[in-house]
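Dear colleague,

Please find below the structure that I am handing over to you. My notes on its strands follow, and I would be grateful if you read them beside the coordinates.

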Amino acid sequence: ILFDLSPVGYVVTDSAGMILRANQTMGALLDLDIGSLLEKPLGAHIHPKDKDLFFGQFRTFFKNPAAKRLEMRMVRYDGTVLDTMMEGRRMEAAVPDGIIGRQELILISISDITQRKAAEAAIVRAKDQWEQIFDAVPDLIAIIDDRYTIVRVNMAMARRIGMSPSECIGKKCYQLLHSGGT
């Protein structure tokens, strides 16, 4: 019962990626009933643009899933795309009920990370926007740490010094801005 009511999707697959067992959460994640998942390839639910990556990594993932994570987009029954993270565990000793004669199995947990991916993308967009604004400001701006080391300069400051912004990073401000200082 814990398998079926887990807050993450679980599937048990064989080495070919055939789904032998799935929990209710997995069905809800893909908006399918559990019966329509069974004896079908897990790869059938992978986003078309991620299929090559999935099939390229699945065999390695299956052989030794410890400490490995696969991030793949999956497609729900209605066509909605989900960002997911898959983690696996070999099931050589404990074969689930209803699965007979297959010894090499893997239990894969599948979590919906769509919100996390959206937040990461928003952070990248905000960072890019900040960098564009920082570099567009005509005033001379330098970000300096507590040891007087330049962490960042905008384009106006870099032009004034006669260097690229990346060349300024790591230099002491007094080396670039004050003559003869130590």
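In which sense do β1 and strand β2 pair, and over how many bridges? In this predicted model, the pairing of β1 with β2 (residues 19-22) is antiparallel and comprises 3 bridges. Within this pair, Val 12 lies opposite Arg 21 of β2. The hairpin formed by β1 and β2 has 4 residues between the strands, and Gly 17 there adopts a positive phi near 85°.

Strand β1 (residues 9-14) is also joined to a further strand. It runs antiparallel to β5 (residues 105-112), to which 6 bridges connect it. Two of the facing positions may help you to orient the view: Gly 9 stands opposite Ile 110 of β5, and Asp 14 has Leu 105 of β5 as its bridge partner.

Strand β5 is in turn joined to β4 (residues 81-90) by 7 bridges, and these two strands likewise run antiparallel. Here Glu 87 has Ser 109 in β5 as its bridge partner.

Turning to burial, 5 of the 6 residues of β1 are buried, so the rest of the structure largely encloses this strand. For β5, 6 of the 8 residues are buried, and this strand is therefore also largely enclosed by the rest of the structure. "Buried" here denotes a relative accessible area under 20%. In a regular strand, side chains alternate between the two faces of the sheet.

With kind regards

Technical notes:
Residues are numbered from 1 along each chain as its sequence is written. This is a predicted model: local features need pLDDT of at least 70, side-chain atom pairs count only at pLDDT 80 or more; totals for chains, interfaces and linings use all residues. Side-chain values use heavy atoms; hydrogens and water are left out. Buried means under 20% relative accessible area, exposed over 50%, partly exposed in between (1.4 Å probe, protein chains only). Two strands pair if DSSP finds at least two bridges between them.
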